[in-house]
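Biologist: I have some questions about this chain. Could you show it first?

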Amino acid sequence: MRPFGSRSWPDDLLIVSLSARGLHVKLATLRTWCSNNFILVNLVRTIILIYGKILIKTEEKYVGVILRTDTQNMLADHYKAKARTARHCGHRIWAIEDMTGWLMPKELKQLYMARVDCHLIHGCEIPPDSEDVHVMQLCQVQISFLRQMLNIHCHSMIVPLFTETGIKPPRVCCLLLVLSHLMHWRGRSNNIKKLWAKYLIKAATRLPFQCPILVLTMFTTIGDIKDYSKLVHKLMLEWLQGEIDSSEKLYLLHDHRETQKDKGPAQTQKHQEAITSIKLSTHLLALEILRYVNHGNQPVPRSDRLCRFCRKEVESPEHALITCTSSDEVVQLRVIFLE
Ligand SMILES: [Zn+2]
């Protein structure tokens with residue numbers, strides 16, 4: 001042991017180096033020696049002492065990514081910082097409306113993709129999202145923005161936010177991005193870090209829908225990864241449509257597929273908001289209002305949520321807008337609209 005500059009005892013070892021490079025060389029020599037002699041270093045009892053004017057920190061920012069050494073997940077603060085920045089950028093977008101007037105959801109989506117989404121996916125390829133607690137912060141920022149974009153209340157269903165805007169949930173979006181990165185890396189090298197691969201496989205099991213286990217071995221090809229990406233995207237679409245079709249509230253959207261180009265005739269804020277509230281069942285008609293429990297009332301069965309004018313049929317959007325004739329005011333408005 002003496003040749004590489006150390007003091008050793010039967011069960012202990014002291015290595016002294018005056019430079020980082022020197023320490024690196026000595027540790028490499030120690031590893032080789034231990035390997036040849038079947039000895040394992042006890043990491044728990046290993047201590048590092050640093051002399052001199054070296055700044056030791058527990059937090060550092062590297063290429064925009066915040067790293068911490070005193071948290072279980074070294075990127076925990078990065079998630080928090082990105083969620084905070086994304087929320088702030090979202091507020092800045094709403095501030096734009098004060099100067100420009102009402103912005104269409106299409107325009108808001110463009111601003112969201114440019115100023116908010118980039119923070120939600122920032123650095124996603126470094127640690128695949130295997131832990132829920134950190135990703136939840138990003139999801140909350142996205143959901144809050146999309147609800148405000150569609151002007152619907154904070155208890156509305158989440159799935160229609162994605163189907164109506166064409167924006168993917170953060171977990172799915174990040175996984176697809178990581179897989180595309182993996183295809184790029186796979187073209188250059190066959191080496192995949194085991195721990196990183198483990199996180200990626202775990203992230204694929206955390207999607208909001210069932211997805212086959214991602215198999216990553218030395219023999220996994222770029223084609224395999226590409227097929228898996230397509231499968232994730234396909235399963236996401238099926239999951240969204242399945243959630244819509246199985247929801248009693250969203251009966252107007254059942255089996256309905258709308259292309260992004262087919263967004264109807266609504267060109268004003270009130271028309272847009274009215275159509276959205278009817279489609280997503282966030283309106284104030286009896287069908288929706290009497291669904292909820294509050295301090296004074298129990299939920300009312302669907303068949304008993306009667307129209308406030310005729311008291312005969314369920315007060316649904318189609319009844320109030322098309323068939324009810326008990327209110328002269330409503331009938332007159334309907335005639336004017338249809339003319
Ligand atoms: Zn009626």
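Biologist: Which residues does Phe145 touch, leaving out those up to four places away in sequence?
Modeller: This is a predicted model: local features need pLDDT of at least 70, side-chain atom pairs count only at pLDDT 80 or more, and totals for chains, interfaces and linings use all residues. Residues are numbered from 1 along each chain as its sequence is written. Contact here means that the C-beta atoms of two residues, placed from the backbone, lie within 7 Å. On that basis Phe145 touches Gly90, Tyr112 and Val116.

Biologist: Which element gives the most to the largest nonpolar core?
Modeller: A nonpolar core is a set of buried Ala, Val, Leu, Ile, Met, Phe, Trp, Tyr and Cys residues joined through C-beta atoms within 7 Å. A residue is buried if 20 or more other C-beta atoms lie within 10 Å of its own, exposed if 12 or fewer, and partly exposed in between, with C-beta atoms placed from the backbone. The largest core has 21 residues, and Leu138, Val141 and Phe145 have the most contacts inside it. Two or more residues come from each of α2 (76-100), α3 (105-115), α5 (132-150) and α6 (159-165), and the top contributor, with seven residues, is α5.

Biologist: How many residues are in the second core?
Modeller: This core is separate from the largest one. Its members include Leu182, Leu200, Ala203 and Leu214. The count is 15 residues.

Biologist: How many helices and strands does the chain have?
Modeller: Helices (H or I, at least four residues) and strands (E, at least two) are DSSP runs, numbered from the N terminus. The secondary structure comes to 13 helices and four strands.

Biologist: Why is the chain described as more spread out than a compact globule?
Modeller: The C-alpha trace spans about 100 × 45 × 40 Å along its principal axes. The radius of gyration is taken over C-alpha atoms, and the globule rule is 2.2 Å times the number of residues to the power 0.38. For 339 residues the rule gives 20 Å, so the chain is more spread out because its radius of gyration is well over that, at 29 Å.

Biologist: What share of the residues is buried?
Modeller: The chain has 339 residues. Buried ones make up 19%.

Biologist: Which elements help cover the buried residues of α9?
Modeller: Helix α9 (residues 222-245) has 24 residues and reaches 35 Å from its first C-alpha to its last. That is close to the expected 34 Å, which is 1.5 Å times one less than its number of residues. Its buried residues are Ile225, Tyr228, Met236 and Ile244. Their cover includes α6 and α7 (170-186).

Biologist: Is Ser17 buried, partly exposed or exposed?
Modeller: Ser17 lies in the loop between β2 (12-15) and α1 (20-36). Beyond four places in sequence, Ser17 touches Gly22, Leu23 and Lys26. Because 15 other C-beta atoms lie within 10 Å, Ser17 is partly exposed.

Biologist: Which residue in the turn of the β3 and β4 hairpin has a positive phi?
Modeller: Strands pair if DSSP finds at least two bridges between them. β3 (residues 59-62) and β4 (residues 65-68) pair in the antiparallel sense over four bridges, and Tyr62 stands opposite Val65. Two residues lie between the strands. The one with a phi of about 50° is Val63.

Biologist: Is Phe38 buried or exposed?
Modeller: Phe38 sits in the loop between α1 and β3. Its phi is positive, about 55°, although it is not a glycine. With 6 C-beta neighbours inside 10 Å, Phe38 counts as exposed.
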